[in-house]
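Good morning, and thank you for coming. I should like to take you through one protein chain, beginning with its overall build and ending with a few individual residues.

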Amino acid sequence: MAKGDIRIGVVGATGVVGETFQILLDQRAFPFSELRLFASEASRGLKRNVDGREFEVTSLKDGCFDGLDIVFFSSGDDISKEWAPKAVKAGAVAIDNSGAFRMDEGVILGVPECNADLFPKLKIGERPGARAQIIANPNCSTIQLVVALKPLADRYGLDFVRVSSYQSVSGAGKAGIEELLEQTKLAVEGEIPTKGATFPKPIAFDAIPQIGSFVTDGSADDGFCSEEIKIMKETRKILRLPDVRVSAFTVRIPTLNSHAETVWVTLKKPAASLLEIEAVLAEAEGVELFSRASRDYPTQAFASGADPVYVGRVHKDPNDETTWMMWVVSDNLRKGAALNGIQIAETMYGLKPAAEVR
Ligand SMILES: NC(=O)c1ccc[n+]([C@@H]2O[C@H](COP(=O)([O-])OP(=O)(O)OC[C@H]3O[C@@H](n4cnc5c(N)ncnc54)[C@H](OP(=O)(O)O)[C@@H]3O)[C@@H](O)[C@H]2O)c1
């Protein structure tokens with residue numbers, strides 16, 4: 001990809017998603033002419049290297065987005081709520097990783113493999129102008145799920161999706177990784193770790209069936225935690241299938257990075273055979289299939305640092321002709337966050353990346 005004149009900002013540049021953005025800008029040779037890195041006051045003055053150039057981290061202040069075309073946000077809901085509208089006011093497209101705007105009517109919840117037709121078209125060297133807007137990046141567990149479901153929805157129609165997740169600690173940011181490492185060290189030294197600041201229980205050598213807070217309001221969402229509700233609602237919005245039934249159960253496990261999901265997908269029309277459904281998945285954009293014939297399957301460590309959504313262990317549920325089971329794994333910091341954001345930008349500009357990982 002030739003160098004171009006796209007001026008970008010990354011808010012949350014010192015976090016795990018923000019740092020992944022910077023790695024991807026390099027790896028994909030994203031054609032930026034200007035890069036502004038933002039984090040909290042505490043990180044002001046830190047230096048980061050991107051594309052062989054040194055950039056200094058600054059804090060957010062009025063006017064800080066002036067002249068930028070794209071601003072990637074990865075600093076949490078509160079910062080996005082306050083600052084993403086300011087980026088749009090300054091004439092930029094704000095690609096937001098937080099949950100602040102995802103379900104807002106009129107806000108695109110973007111996954112290029114699923115709904116690129118909704119994205120505005122931008123030209124390198126031209127300001128977004130009237131196309132300046134917030135585009136939301138979905139929740140990490142939702143993104144990998146919809147990339148795997150999209151080809152099945154198109155070919156067979158979707159009736160019911162049941163998903164259970166196995167989510168890594170990096171999904172809770174830098175603090176999540178540190179908490180697992182510290183507690184693991186304590187446990188290995190023979191001590192019993194106590195609850196830390198990030199997870200609701202000690203995470204070392206254990207699984208926690210709660211991600212986010214529980215709904216206890218007696219509504220249809222009662223008993224679910226917020227991560228599960230995100231998956232259920234966002235999947236319907238992205239696939240533009242408001243009536244598809246989606247049921248999610250999310251679990252935090254003590255892996256460092258990448259999320260895995262076991263998925264039961266009930267199709268509207270039966271698939272003829274395993275080979276047929278594997279062929280549909282193998283051809284799908286963004287999916288890498290481990291077929292039955294490969295006698296192998298992807299793992300979370302394998303998916304870490306790579307771009308695709310890996311699908312394996314596809315097999316029919318013997319209890320129901322139209323239900324198939326599969327294992328879906330992807331890097332939550334890449335496709336689940338920064339990579340999806342950069343792909344949204346590339347799609348808007350009609351760009352192809354210089355390189356993809358695996
Ligand atoms: N981790 C994932 O897998 C994942 C996936 C999808 C979406 N997301 C979303 O992405 C966002 C970032 O997540 P993360 O995992 O990267 O978290 P993280 O590692 O905790 O990083 C948070 C970032 O926000 C910055 N920040 C904090 N206060 C700020 C302020 N007042 N002004 C500007 N920046 C500020 C931090 O800067 P300092 O270092 O200076 O504190 C840091 O750069 C969250 O909205 C999260 O929900 C995360």
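I shall go from the whole chain to its domains, and then to five residues.

Please keep in mind that this is a predicted model. The chain contains 9 helices and 14 strands. How does its radius of gyration agree with that of a compact globule? For 358 residues, such a globule would have a radius near 21 Å, and the chain has 20 Å, so the two agree. Along the principal axes, the C-alpha atoms fill a box of roughly 60 × 50 × 45 Å.

Let me turn to burial and surface. Of the 358 residues in the chain, 53% are buried. The accessible surface amounts to about 15,500 Å², and carbon and sulfur atoms contribute 53% of that area. As for charge, the chain has 41 positive and 49 negative charges, and the mean positions of these two sets are 3 Å apart.

The contacts tell us how the sequence is brought together. Counting those contacts with a separation of 6 or more, 69% join residues that are 24 or more positions apart.

Now to the domains. Which parts of the chain are assigned to domain 1, and which to domain 2? The assignment gives residues 6-137 together with 337-349 to domain 1, and residues 141-332 to domain 2. Domain 1 is therefore made of two stretches of sequence, as its listed bounds, 6-137 + 337-349, show. The C-alpha centres of the two domains lie 26 Å apart. Where they meet, 19 residues of domain 1 are in contact with 19 residues of domain 2.

I come to the individual residues, starting with F32. This residue is found in strand β2, which covers residues 32-38. Is F32 buried or exposed? Its relative accessible area is 1%, so F32 is buried. Leaving aside residues up to four places away in sequence, F32 touches G4, I6, I8, L25, V50, D51, R53 and F55. One of these contacts, I6, is 26 residues from F32 in sequence, yet their C-alpha atoms are 4.5 Å apart in space.

One of the residues that F32 touches, D51, deserves a word of its own. D51 lies in the loop between β3 and β4. It is not a glycine, and yet D51 has a positive phi of about 55°. With a relative accessible area of 31%, D51 is partly exposed.

S258 offers a second case of this kind. Although S258 is not a glycine, its phi is positive, at about 85°. This serine sits in the loop between β10 (245-249) and β11 (259-267). S258 has a relative accessible area of 0% and is buried.

Lastly, I would take T14 and S43 together. T14 is placed in the loop between β1 and α1, while S43 lies in the loop between β2 and β3. Both are loop residues, and both are buried: T14 has a relative accessible area of 16%, and S43 has one of 12%. What does S43 touch, apart from residues up to four places away in sequence? The answer is T14 and V57. On the same basis, T14 touches E19, A39, S43, L46, R48, V57 and K174. V57 thus appears among the contacts of T14 and also among those of S43.

That concludes my presentation, and I welcome your questions.

Note on methods
Residues are numbered from 1 along each chain as its sequence is written. This is a predicted model: local features need pLDDT of at least 70, side-chain atom pairs count only at pLDDT 80 or more; totals for chains, interfaces and linings use all residues. Side-chain values use heavy atoms; hydrogens and water are left out. Helices (H or I, at least four residues) and strands (E, at least two) are DSSP runs, numbered from the N terminus. The radius of gyration is taken over C-alpha atoms; the globule rule is 2.2 Å times the number of residues to the power 0.38. Buried means under 20% relative accessible area, exposed over 50%, partly exposed in between (1.4 Å probe, protein chains only). Contact means heavy atoms within 4.5 Å. Accessible areas come from the Shrake-Rupley method with a 1.4 Å probe; for residues, only the protein chains shown count as cover. Lys and Arg count as positive and Asp and Glu as negative; His and the chain ends are not counted. The place of a charge is taken as NZ of Lys, CZ of Arg, CG of Asp or CD of Glu.
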